[in-house]
Structure formats: structure tokens, C-alpha cells
Amino acid sequence: MSGEEVSAQERQVLDWLAAQGNAMQALLAQLVNIDSGTYNKAGVDRVGEAICAFLDSHGVGFDVILNGTFGNAIRATVGTPGDRNILLMGHRDTVFPDGEAQRRPFTSDGARGYGPGCADMKAGLVMNSFVATALKRFSGAPAPVVALYTADEEIGSPLSRALIEAEARRACLVLNAEPGRPADAVVTGRKAGIFIRFEVTGKAAHAGANFEQGASAIGEIAHKIVALHALTDLPKGITINVGIVGGGQTVNTVAPSARGEMDLRYIDPADRDATLKKVEAIMAQATIPGTSATFEIYAEFLPLVQSADSKRLFDLYAGCAAVLGHTITGLFTGGCSDAGFSASVGAPTVCAVGPIGSRAHSPDEYVELGTIVPRAQILALTIMRSGERIS
Ligand SMILES: [Zn+2]
């Protein structure tokens with residue numbers, strides 16, 4: 001860091017964050033050691049209580065938005081939110097089953113930290129909490145800061161989406177603390193993802209005695225799967241993957257039912273409705289007479305499309321990183337996140353500004369411990385220098 005490029009107030013914040021490495025790692029270990037799979041409301045709420053206790057002990061205000069099904073949402077604030085806030089986002093849920101934290105508690109080999117959700121995205125939650133604290137402590141934020149800690153991202157944020165969109169509509173910039181990517185990357189573009197469940201109904205019959213009276217749902221779903229996969233258009237970034245399929249009753253029964261689940265991805269918002277119309281047509285068309293089908297969308301993420309304002313935010317972030325000695329690149333990924341919701345309501349958004357990690361959703365998940373402080377510093381400096389974006 002070259003001293004002359006950083007103001008005295010900025011230096012206070014950066015230096016304070018630099019001194020918090022051990023405290024950050026301690027909070028990370030505490031959060032990782034609490035099971036918080038999306039459907040474990042009690043666990044997701046325990047992670048929330050640990051965060052609230054931390055915020056409380058540092059004088060950062062917050063409110064809890066109760067949820068009966070999934071974990072409660074937490075909204076921490078620095079300053080009094082208005083209609084031009086700085087929005088930090090993060091989710092507390094993981095994809096791991098109950099007992100995982102006990103089987104595989106937080107460990108560190110000095111360079112990397114391991115444990116369920118360490119990178120995706122408990123390290124990001126830790127980072128946001130310390131940055132909010134630093135901004136509060138040294139009055140560093142040029143606008144009110146809102147930090148969301150949501151509870152259901154791993155299943156498409158069915159209950160957090162409205163809250164995220166409402167906060168994003170009154171945000172002048174949004175930074176989502178999903179794990180940073182190796183080689184100092186953040187994410188500037190993401191595909192959209194739609195999860196669809198479908199069911200085919202046929203007619204049962206004895207496969208030997210009255211074969212011709214049956215209508216095979218399995219035969220029909222096979223036609224549909226081939227037709228669905230044919231909607232894939234790689235140059236346009238549209239993919240369809242039927243990832244789950246099942247059906248039938250016994251080997252000697254013409255199958256009365258079959259079901260599947262598909263993952264539909266796209267990049268261009270215009271491709272959403274057009275592709276769904278084709279899915280609808282495939283479901284409506286019965287190649288095997290006597291069969292019918294229904295389908296329903298059960299989870300949906302919107303795409304992160306880089307707007308001109310989002311590009312400016314990325315440039316600001318990369319510029320602040322450069323001041324601190326880091327060369328940040330922006331990359332596109334087919335994976336989805338809550339950043340698609342904020343970007344889709346028009347809020348300038350950059351994703352994956354969290355500490356760097358990889359192998360999310362697997363037992364090999366890790367976070368680079370040495371990136372927690374630097375990523376917190378880059379985030380804090382970006383916020384402190386975002387003033388001209390807000391005026
Ligand atoms: Zn995540």
C-alpha cells in the first residue's frame with residue numbers, strides 16, 4: 001500500500017481491519033461449526049444469533065425479519081437507511097446436511113480453512129460484519145450501509161427475493177460477498193437458472209396380457225427429455241439439463257407415471273420467456289397418445305448482466321484493489337446467485353467480492369485465510385470511495 005494514496009481516515013479503517021485477522025478467523029470457525037443447511041431453520045438462526053451478537057458487541061444496529069419456514073433474515077445498518085444506500089449481501093444457509101459440522105468442523109492448515117460453508121459463504125459474512133463494524137467505528141461510509149444476512153439462497157431465495165429486490169431498489173451499489181475466485185477474480189456476469197419439476201401421466205396396463213391398453217409415461221418422458229435437451233443453444237448460453245428422472249411401477253406394468261426435474265440456464269433476459277414457451281409446448285405435445293404432462297417452476301434465479309453502472313462499480317472496486325496492491329479481474333460464470341436479483345432491478349452490482357475460496361458444495365471446500373483481511377480492506381475502501389457515485 002502506498003501511503004500517499006490513502007487518506008488518514010481510510011488508513012484508520014484499513015489498519016483496524018488489518019489487525020482483525022485472528023478475530024475474523026475465530027468468528028469464521030464459530031459460524032462454520034454451526035450446521036445451517038437451508039431446511040435447518042434452527043441452525044440458520046443460530047448462525048444469525050452469532051452474527052447479531054458480534055454486531056451488537058460492536059455497536060452495529062440490526063433488525064430481524066422473522067420467517068416461519070426458513071431462517072430469519074437479518075438487516076444490519078450503519079447510518080439511517082434512505083433511498084440511496086450501499087447494500088452488502090450474504091446468505092447464511094449451506095447445502096450441507098445436519099451433522100456435517102460435527103463430522104467436519106472448521107480446520108486450518110495455516111493457509112487454508114476448511115469446513116462446511118467456509119467459503120460459500122461464511123467467510124463473506126464475517127468479512128461484511130467486520131467491514132460494517134469498521135465503517136461504523138471510524139464513520140467511514142459516505143452513505144448509509146445496509147448488510148443483509150439471508151437464509152435461503154441455496155434453494156433460490158424463495159423467501160428472501162422480495163427483501164433483496166426491495167433493498168436493491170433503494171441501493172446505489174450492491175456488493176455480494178459470495179466467495180472470490182482464485183487468481184483474484186470477482187464475478188461480473190452470471191447465468192440465470194430455473195429449476196422445473198415435471199410429471200407425465202400415462203395409463204397402467206399388464207405388459208403381457210393387455211399391452212395395447214396402456215399408455216407408457218416412461219416412453220413419453222423419454223421423448224420429452226430428448227426434445228428438452230434439444231433446446232440447448234450453447235452459442236447463446238442456453239442449456240437444459242434433465243438432472244433427475246424416475247417413474248414406473250413394476251417391470252411388467254406399462255408405466256402409469258414418470259417425473260423429472262430440469263435445470264434451464266440462460267444469459268439474455270429475452271431468452272427466458274421464449275425458452276419457457278418451448279418447454280410448455282413440449283409438455284403439451286403428447287407423442288404417445290393417452291399421456292399428459294404438467295410442469296412447475298420451483299426455483300428461479302435471474303441473470304447478472306453487467307450494466308454500464310455495474311461496470312463502473314467494478315472499475316471502482318478494481319481501482320481500490322490496485323491501490324492496495326491487488327490486480328482484480330472480473331469473470332463470467334454459469335452459476336447463479338442473489339446478485340441476479342439486485343442486478344435485475346437495476347442496481348449496480350458486483351458479485352463474489354468475498355474472501356477467495358473454491359470447491360463449494362463439496363467436502364474439499366476451502367477458503368484462502370490470507371485473503372480475508374485483504375478482501376475486507378478492498379471492500380471497505382470501495383465503499384469509502386463510492387461517494388461520487390452517490391451524490
Ligand atoms: Zn453462496
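Visitor: In this predicted model, is Glu10 buried or exposed?

Guide: Residues under 20% relative accessible area are classed as buried. Glu10 has a relative accessible area of 10%, so Glu10 is buried.

Visitor: With which residue does Glu10 form a salt bridge?

Guide: The partner of Glu10 is Arg385, and their closest N and O atoms are 2.8 Å apart. The pair links distant parts of the chain, 375 residues apart: Glu10 belongs to helix α1 (residues 8-18), and Arg385 to the loop between α11 (372-384) and α12 (387-390). Arg385 is partly exposed, at 22% relative accessibility. The salt bridges in the model come to 19.

Visitor: How far apart in helix α3 are Asp45 and Lys41, which meet in a salt bridge?

Guide: Asp45 and Lys41 are four residues apart in helix α3 (residues 41-57), which means a separation of about one helical turn. Their N to O distance is 2.8 Å. Asp45 is buried at 12% relative accessibility, whereas Lys41 is partly exposed at 24%.

Visitor: Which other side chain meets Asp45 in a salt bridge?

Guide: Arg92 does, at 3.5 Å from N to O. Arg92 lies in the loop between β3 (85-91) and α4 (100-103) and Asp45 in helix α3, so this pair ties together parts 47 residues apart in sequence. Arg92 counts as buried, at 1% relative accessibility. Salt bridges with shared partners also join Asp63, Arg75, Glu167 and Arg170 into one network.

Visitor: Which protein atoms are the donors of the zinc ion, and why is the site called irregular?

Guide: For four tetrahedral donors, the ideal angle at a metal is 109.5 degrees. Four donors count as tetrahedral if all angles lie between 85 and 135 degrees. Here the donors are His91 (NE2), Asp120 (OD) and two OE atoms of Glu178, at 1.8 to 2.5 Å from the zinc ion. The angles among the four donor atoms run from 54 to 147°, and the site is irregular. Asp120 in helix α5 (residues 118-137) and Glu178 in the loop between β7 (171-176) and β8 (185-190) are 58 residues apart. Both Asp120 and Glu178 are buried.

Visitor: How many helices and strands does the protein chain have, and how compact is the chain?

Guide: The protein chain has 12 helices and 18 strands. Its radius of gyration is 24 Å, close to the 21 Å given by the globule rule for 391 residues, so the chain is as compact as a globular protein of that length. Buried residues make up 54% of the 391 residues.

Conventions:
Residues numbered from 1 in each chain as written. Predicted model: local features only at pLDDT ≥ 70, side-chain atom pairs only at ≥ 80, totals over all residues. Heavy atoms only, no water. Donors = N, O, S within 2.8 Å, 3.2 Å for Na, K, Ca; no water. Tetrahedral: all angles 85-135°; square planar, octahedral: opposite > 155°, others 65-115°. Helix = DSSP H or I, 4+ residues; strand = E, 2+ residues; numbered from the N terminus. Buried < 20%, exposed > 50% of the residue type's maximum accessible area, 1.4 Å probe, protein only. Rg over C-alpha atoms; globule rule 2.2 N^0.38 Å. Salt bridge = Lys/Arg side-chain N within 4 Å of Asp/Glu carboxyl O.
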